[in-house]
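Biologist: Please take a close look at the salt bridges of this model. I would ask that the account begin with the fold as a whole and end with the surroundings of the pairs.

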Amino acid sequence: MNIIVVKNYEELSEQGASIIAREVKTNPNAVLGLATGSTPLGTYRKLVCMHKEEGLDFSSITTFNLDEYYGLAPNHEQSYAYFMRRNLFNHVNIQLKNTYIPNGIAADILEECKRYDELIEEKGGIDLQLLGIGANGHIGFNEPSEELLIGTHLVDLAENTIKANSRFFHSVEEVPKQAVTMGIGSIMKAKKILLLACGENKAKIISKIIDGKCSTKVPASILQIHPQVTIVIDKEINDQL
C-alpha cells in the first residue's frame with residue numbers, strides 16, 4: 001500500500017488526475033473504474049483540462065462506474081449517469097458506448113447485477129479503479145455489515161450514508177434508500193486501485209484501513225490485502241494519523 005500525502009484538495013486532485021492520465025497514456029485501451037461523489041470532482045476537472053490543453057486521449061478508453069442509485073433514471077439530475085456526463089464524459093473524447101453504469105431502473109435488478117459483472121469480465125477486467133471512501137468506511141456502496149457481498153448487488157443504504165448524500169438533494173427524504181453497487185470482489189479484482197480522501201473528518205476512517213486489520217465493519221480495510229493500492233490523502237488527514 002502506497003500512501004501519498006499532499007497539501008490540500010487542489011494537490012490531491014492533481015495527483016489523482018496524474019495517476020489516471022499515466023494509465024491512459026501507458027495503455028490507450030485501458031478499462032477504468034470510476035467513482036462519483038464530491039471527492040473525485042477535482043480530479044475529473046483536471047482530466048478535462050489535460051484533454052483540452054495536452055490532448056489526453058480517451059477515444060479508446062472503457063469505463064465502469066462503481067454504482068448507481070436504485071430507482072433513478074439515467075437522465076435524473078442526481079443519477080450517477082448524469083453526474084458522469086456532466087463532470088467528465090461530455091468534456092472529453094470518450095465514446096459514450098464504452099461507458100458503463102449500472103441500470104438503476106432495470107426491470108430485473110438481479111439480472112442487471114449479473115450482466116454488469118459479466119460485462120466487466122468480457123472487457124478484460126478493470127485496470128485502474130478510482131475510489132472515494134465514506135466516513136463509515138464504505139467503498140462503492142458496500143456498507144459496514146456482518147458480511148460483504150462479492151459481486152454487483154442491490155444494497156440498502158446506511159442512514160449515515162443517506163444523510164451524507166442528502167447535501168446533493170433538496171431534502172434527505174429525496175435520497176434513494178437503495179443503490180446498485182459493485183461488490184467487494186468486483187473492486188478487488190481491479191489490477192490497480194487509487195483511493196482519494198481529504199478533510200479532517202476522514203482521518204479516523206483512514207487510520208482504520210491502514211492499521212493491519214480487516215473487518216467487514218470497515219469495508220475499505222480489505223484494500224490492505226490488495227497488491228497495488230495507492231492512497232492519496234491531504235495534510236489534514238495525515239496530521240491526525
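Modeller: The protein chain contains eight helices and 10 strands; these are DSSP runs numbered from the N terminus, a helix (H or I) having at least four residues and a strand (E) at least two. The model is predicted, so local features require a pLDDT of at least 70 and side-chain atom pairs a pLDDT of 80 or more, whereas totals for chains, interfaces and linings use all residues. Residues are numbered from 1 along each chain as its sequence is written, and side-chain values use heavy atoms, with hydrogens and water left out.

The C-alpha trace spans about 40 × 40 × 35 Å along its principal axes. For 241 residues a compact globule would have a radius of gyration near 18 Å, and the value of 17 Å for the protein chain agrees with this; the radius is taken over C-alpha atoms, and the globule rule is 2.2 Å times the number of residues to the power 0.38. Buried residues account for 53% of the 241, where buried denotes a relative accessible area under 20%, exposed one over 50%, and partly exposed anything in between (1.4 Å probe, protein chains only). The accessible surface is about 11200 Å², with 49% of it belonging to carbon and sulfur atoms; areas come from the Shrake-Rupley method with a 1.4 Å probe, and for residues only the protein chains shown count as cover. Of the contacts (heavy atoms within 4.5 Å) between residues at least 6 apart in sequence, 78% join residues at least 24 apart.

An unreviewed UniProt entry annotates residues 11–225 as "domain: Glucosamine/galactosamine-6-phosphate isomerase"; its positions are given in the numbering used here, feature names are shortened, and annotations may be inferred rather than shown by experiment. Over residues 11–225 the chain is 33% helix and 14% strand, and the end C-alpha atoms lie 27 Å apart.

Now to the salt bridges themselves. Side chains of opposite charge can pair when their charged atoms come close. Here a salt bridge requires a side-chain nitrogen of Lys or Arg within 4 Å of a carboxyl oxygen of Asp or Glu, and by this rule the count is eight. One of the pairs is contained in helix α4 (residues 109–122), where Arg115 and Glu112 stand three residues apart, about one helical turn. An α-helix has 3.6 residues a turn, so residues three or four places apart point the same way. The closest N and O atoms of Arg115 and Glu112 are 2.8 Å apart. The two partners differ in exposure: Arg115 is partly exposed at 35% relative accessible area, whereas Glu112 is buried at 7%.

Helix α4 also supplies Glu121, which forms a salt bridge with Lys189 at 3.6 Å between the closest N and O atoms. This pair links distant parts of the chain, since Lys189 lies in the loop between α6 (184–188) and β9 (192–197), 68 residues from Glu121. Glu121 is partly exposed at 48%, and Lys189 is exposed at 58%.

The loop between α6 and β9 takes part in another pair. The side chains of Asp127 and Lys191 form a salt bridge at 3.3 Å, N to O. Asp127 belongs to the loop between α4 and β6 (128–131) and Lys191 to the loop between α6 and β9, so the pair ties together parts 64 residues apart in sequence. Asp127 is buried, its relative accessible area being 11%, while Lys191 is partly exposed at 42%. Elsewhere, salt bridges link Glu10, Glu14 and Lys46 in a network.

The neighbourhood of helix α6 adds to this picture. Ile187 sits in α6 and is buried at 0% relative accessibility. Its C-alpha atom is 8.4 Å from that of Ile126, although the two residues are 61 apart in sequence. Leaving aside residues up to four places away in sequence, Ile187 touches Leu66, Gln129, Leu131, Ile139, Gly140, Asn142, Met182 and Ile193.

A further buried region involves helix α3 (80–87), which precedes the loop that holds Asn98. The buried residues of α3 are Tyr80, Ala81, Phe83, Met84 and Asn87. They cover an arc of only 160° around the axis, which puts them on the same side of α3; the arc is that of the directions from the helix axis to the C-beta atoms. These buried residues pack against β2 (31–34), α2 (41–54), β3 (62–65), β4 (67–69) and α5 (159–165). Asn98 is itself buried, at 15%, and touches Ser59, Ile61, Thr62 and Thr63, not counting residues up to four places away in sequence.
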